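Here is a short briefing to read alongside the structure. Have the viewer open, and follow the bullets topic by topic.

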Amino acid sequence: MSKLADHIKETPSRRDPPYRPALLLDGAGRAELASKIGDADNYDLLQLREMVQTAPENMEFRKALVSAIASAEYAGVDAFSRKVCEWQDWDVPWSLIMAIARQTWDEVRHAQLATGVLESYGCEIGEYPDTLAGGAPPPSVTGNGAGGPPPGIMSDPIVTLSAINVSLEGGALRLFEETSKLGERIDDPLLARCYDYNWADEVTHAMIGDYFVRELALENPEAESRALRAHAMFEYARVRLGEQQTHELKEFFAEEMQRATAALGGQAGGYN
Amino acid sequence: MRGVQPTVLHIDLQRCINCSLCRRACPTEAINYFSTGHRTHVIDPAWCIGCDICAKVCPVDCIDEDPSYVPDPAQLEIAKERARAFAKRQHGIKLMRRQRTAAAISAVGPVGAHSRAPSTPQASAEPSTNAHA
């Protein structure tokens, strides 16, 4: 237990459940979402952007788009503030803890700005489901259930920095830039300014991630492999990749499997 | 694209933050990352058609021209063909999104059944200071 975590009480969430992920909506939840945006499966950032662009006068489409992004900002506050505590248990530079504390405040500001944009649409946080589920991994991920990575892996700074700061926040750069441009196109200056502002923070977050992954992996090939693996797994799960990149990723995983098999003395190769 | 013989690009690894934007945007998928053996984004010049898309999306301006590389005309044609296929796929995805959008508008109406007017005035319509655009 970290020194800081000793002083922080576990407080219950004001929402029950704390997160309501879109992927886990029941039939009634999906029907309610469909009544607003035509189809529950339209609750996808790229699809919603197309819908806002095509029908800017439809405020529900705008609310859905900003809600989908805003919920991830709130989850970011949850996730990064946890890291400030958890990473004191790891051998990381204090400057990294400070950088993540700064990033937490950035996410707070992003959440506030998005909430302001939503209020201008007559919408509140919670009217639409969440897109991410914050920093507390589900039991299957913490190792209490089957199929998840080993316990503690989601707290590993190099894994989080590579998967979240570099990959997820890197992807957010495009999302924010495109959303800002969309705001300009549909004459929504609040939307345009909000995501223009956030874009600059995302560059810093990706830089923080890349800088500290380099620092932590300096002269440590195993750590660099862990970072690359985390990035690869994250992209495989979340990014629509082209044919060549999918092939590159598959080869990467095949090589990883070979290395793991060799490390185990060939014991893991028994599927033939 | 600059003329018949394009100038390929390369990534300055010291300045690159590995955000992957260039790799995801490249129409020939010429940028390698997971096969480089390190956390480095590297452009394979054989597949680069010099379209500059990677340089335009880079948030830290770390992608520059590499005039020292002379592209092979035959390979360049193959790379361009890959770019055309990429564009076709992107177009297909866009069409699919448009169809879904049309269906959504048809289901809820152009204004939307739940919509309310904005409750607070929007910010003034001054030009955006979108320095990265």
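Is B:Ala74 buried or exposed? B:Ala74 is exposed, because just 8 other C-beta atoms lie within 10 Å, and a residue with 12 or fewer counts as exposed. Please keep in mind that this is a predicted model. Chain A has ten helices and zero strands, while chain B has three helices and four strands.

**Chain A overall**
- Reading from the N terminus, the elements of chain A run α-α-α-α-α-α-α-α-α-α.
- Chain A has 272 residues, and 42% of them count as buried.
- Take the contacts in chain A between residues at least 6 apart in sequence: 67% of these join residues at least 24 apart.

**Local details in chain A**
- A:Asp16 and A:Pro17 are joined by a cis peptide bond, with omega about 0 degrees.
- You will find A:Pro17 in the loop between α1 (3-6) and α2 of chain A.
- Helix α5(A) has 27 residues, so at 1.5 Å a residue it should span 39 Å; its end C-alpha atoms are 40 Å apart, which agrees.
- After α5(A) comes A:Gly122, with a positive phi near 75 degrees.

**How α7(A) packs on α9(A)**
- Helix α7 (residues 157-185) and helix α9 (residues 221-238), both of chain A, have axes that come within 8 Å and cross at roughly 45 degrees.
- That angle makes α7(A) oblique to α9(A), because it falls neither under 35 degrees nor in the 65 to 115 range.
- The crossing of α7(A) past α9(A) is right-handed.
- On the α7(A) side, the contact is made by A:Ile158, A:Val159, A:Ser162, A:Ala163, A:Val166, A:Ser167 and A:Leu168.
- On the α9(A) side, A:Ala223, A:Arg226, A:Ala227, A:Ala230, A:His231, A:Phe234 and A:Glu235 take part.
- An α-helix has 3.6 residues a turn, so residues three or four places apart point the same way.
- By character, the residues of the contact of α7(A) with α9(A) are nine nonpolar, three polar and two charged.

**Where chain A meets chain B**
- Across this interface, 55 residues of chain A are in contact with 44 residues of chain B.
- On the side of chain A that touches chain B, the elements giving two or more residues are α2 (27-37), α3 (45-54), α4 (59-86), α5 (94-120), α7, α8 (189-216), α9 and α10 (243-263).
- Which element of chain A gives the most to the side that touches chain B? That is α8(A), with eleven residues.
- The side of chain A that touches chain B divides into 23 nonpolar, 14 polar and 18 charged residues.

**Chain B overall**
- Along the sequence, chain B follows the pattern β-α-β-β-α-β-α.
- Of the 133 residues in chain B, buried residues make up 29%.
- Among contacts in chain B with a separation of 6 or more, 75% are between residues 24 or more positions apart.

**Residues to look at in chain B**
- B:Asn18 sits in the loop between β1 (9-11) and α1 (21-25) of chain B. Phi of B:Asn18 is positive, near 60 degrees, although the residue is not a glycine.
- B:Asn18 is buried, because 27 other C-beta atoms lie within 10 Å and 20 or more are enough to count as buried.
- B:Asp52 is in the loop between β3 (42-43) and α2 (53-57) of chain B. B:Asp52 is another residue that is not a glycine, and has a positive phi of about 75 degrees.
- B:Asp52 counts as partly exposed, with 15 C-beta neighbours inside 10 Å.
- B:Asp66 is placed in the loop between β4 (63-65) and α3 (73-108) of chain B. B:Asp66 also counts as partly exposed, having 15 C-beta neighbours inside 10 Å.
- Leaving aside residues up to four places away in sequence, B:Asp66 touches B:Thr7, B:Val8, B:Leu9, B:His10 and B:Pro45.
- B:Asp66 and B:Asp52 are 14 residues apart along the chain, and their C-alpha atoms are separated by 12 Å.
- B:Ala74 lies in helix α3 of chain B. From B:Ala74 to B:Val57 the distance is 28 Å, C-alpha to C-alpha, with their positions 17 residues apart in sequence.

Technical notes
Residues are numbered from 1 along each chain as its sequence is written. Chains are lettered from A and ligands numbered from 1 in the order in which they are written. This is a predicted model: local features need pLDDT of at least 70, side-chain atom pairs count only at pLDDT 80 or more; totals for chains, interfaces and linings use all residues. Axes are lines fitted to C-alpha atoms, for helices over the stretch in contact, and angles run from 0 to 180 degrees between N-to-C directions. Angles under 35 degrees count as roughly parallel, over 145 as roughly antiparallel, 65 to 115 as roughly perpendicular and the rest as oblique. A crossing is left-handed if the near helix is turned anticlockwise from the far one by less than a right angle, and right-handed if clockwise. Two residues are in contact if their C-beta atoms, placed from the backbone, lie within 7 Å. Ala, Val, Leu, Ile, Met, Phe, Trp, Tyr, Cys and Pro count as nonpolar, Asp, Glu, Lys and Arg as charged, and the others, Gly among them, as polar. The expected span of a helix is 1.5 Å times one less than its number of residues.
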